[in-house]
Structure formats: structure tokens, C-alpha cells
Amino acid sequence: QVQLVESGGGLVQPGGSLRLSCAASGSIFSINAMGWYRQAPGKQRELVATITTGGRTNYADSVKGRFTISRDNAKNTMYLQMNSLKPEDTAVYYCNLQNFNSRWNPQGDYWGQGTQVTVSS
């Protein structure tokens, strides 16, 4: 099992910045991908950004150029630096970790409890 704990959410004005963190513990494979997803009220959960253990990243078009995902593999911690925040970024942000074997076959999918981000004046 893997445990994921998010932190760093809160209320920020439009144009402001926030940094989210996700600390992972438990049975973490050497090959894994971590990511941030978000869910706004009345909407489906959507991808924000992902990053592999090798540092390969992927972003949703809506956050490219504003958000930066990073990770510290030694600490099993992932970050999301969010700049130029917009009201439409308001959502619960969830941390995700997927373990993979050496052939990149999925070996487990885990979620954190979520952290609220509210962008409002």
C-alpha cells in the first residue's frame, strides 16, 4: 500500500501563487509516475500534470506555462508550483501515484485525500 498526503492548498487572489506538496510513503516502486489531478464542483476529475521518476513531465493545456510539476525522489515528495492562478483553477487537487514494473505494466494506483484550492478576490 501507498499513502499520499497533500498540503499547501488555500485561498488566493487571481494572479497569485500557491505551492502544493504531496508526500508519499509505503510500497513505492523504483519505477513510478506521480501526478496532480483536480475536480471542480459539478465536473469530472481532470489531469493537471504528471511526472515520472525519470523526470518526464506532461501538462494539461490549461495550465501550461503557469504550473510547474517537480519531485524529489529521495524524499518521495512531489510538488506543484502554481502561478498566475485564475478563478477557473478553483478545485480540489488530488495527488496520484502509479507503480510500474520493469516493463511499465501498472502495479497499483493510489490517491491522496485532496486539498482545496480556491482562487477568488
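Start by selecting A91 and V117. A91 stands opposite V117 in β11. Their strands, β9 and β11 (residues 115–119), pair in the antiparallel sense over three bridges. Two terms come up at once. Strands are DSSP runs of E with at least two residues, numbered from the N terminus. Two strands pair if DSSP finds at least two bridges between them.

Before you go on, note that this is a predicted model: local features need pLDDT of at least 70, side-chain atom pairs count only at pLDDT 80 or more, and totals for chains, interfaces and linings use all residues. Residues are numbered from 1 along each chain as its sequence is written, and side-chain values use heavy atoms, with hydrogens and water left out.

**Stop 1: along β9**

Select the whole of β9, residues 91–100. Is this strand enclosed or not? Nine of its 10 residues are buried, so β9 is largely enclosed by the rest of the structure. Buried means under 20% relative accessible area, exposed means over 50%, and partly exposed lies in between (1.4 Å probe, protein chains only).

Now add β4, residues 32–39. Eight bridges join β4 to β9, and the two run antiparallel. To see one facing pair, pick N32: it stands opposite N99 in β9.

Next add β10, residues 106–111. Five bridges join β10 to β9, again antiparallel. Here Q98 stands opposite D109. β9 and β10 form a hairpin with five residues between them. Click W104 in the turn: its phi is positive, about 60°.

**Stop 2: the aromatic pairs**

Stay with W104 and select F100 too. These two form an aromatic pair that is tilted, 4.9 Å centre to centre with 45° between the planes. Rings of Phe, Tyr and Trp (its six-membered ring) pair if their centres lie within 6.5 Å; planes under 30 degrees apart count as stacked, over 60 as edge-to-face and the rest as tilted. F100 is buried, at 11% relative accessible area. W104 counts as partly exposed, at 41%.

How many aromatic pairs does the structure hold? There are two. For the other, select Y37 and W111. Their ring centres are 5.1 Å apart and their planes stand at 65°, so this pair is edge-to-face. The pair links distant parts of the chain: Y37 sits in β4 and W111 in β10, 74 residues apart. W111 is partly exposed, with a relative accessible area of 36%.

**Stop 3: the disulfide**

Select C22 and C95. They form a disulfide, with their sulfur atoms 1.9 Å apart. A disulfide is a pair of cysteine sulfur atoms within 2.5 Å. The structure holds one. The angle about the S-S bond is -70°, and the link of C22 and C95 is left-handed. C22 lies in strand β3 and C95 in β9, 73 residues apart. C22 and C95 are buried.

**Stop 4: the open sheet**

C22 leads to β3, residues 18–26. Colour four strands in the order β1-β3-β8-β7: they form an open sheet with antiparallel pairing. Which strands lie at the edges? They are β1 (2–7) and β7 (67–72), each pairing on one side only. Six bridges join β1 to β3. One place to look is Q3, which stands opposite S25 in β3.

**Stop 5: the nonpolar core**

Now show side chains. The largest nonpolar core has 28 residues. Such a core is a set of buried Ala, Val, Leu, Ile, Met, Phe, Trp, Tyr and Cys residues joined through side-chain atoms within 4.5 Å. Select L4, M34, W36, L80, M82 and Y93, which have the most contacts inside this core. Elements that give two or more residues to the core include β1, β5 (46–52) and β8 (77–82).

Zoom in on M34. Leaving out residues up to four places away in sequence, M34 touches a list of residues, among them L4, C22, I51, I69, M78 and C95. Contact means heavy atoms within 4.5 Å.

**Stop 6: two last residues**

Select T52 in strand β5. T52 is buried, at 10% relative accessible area. With residues up to four places away in sequence not counted, T52 touches N32, A33, R71 and W104.

Finish at D61, in the loop between β6 (57–59) and β7. Is D61 buried or exposed? D61 is exposed, with a relative accessible area of 65%. Draw a line from the C-alpha atom of D61 to that of S30: the two are separated by 28 Å, and the residues are 31 apart along the chain.
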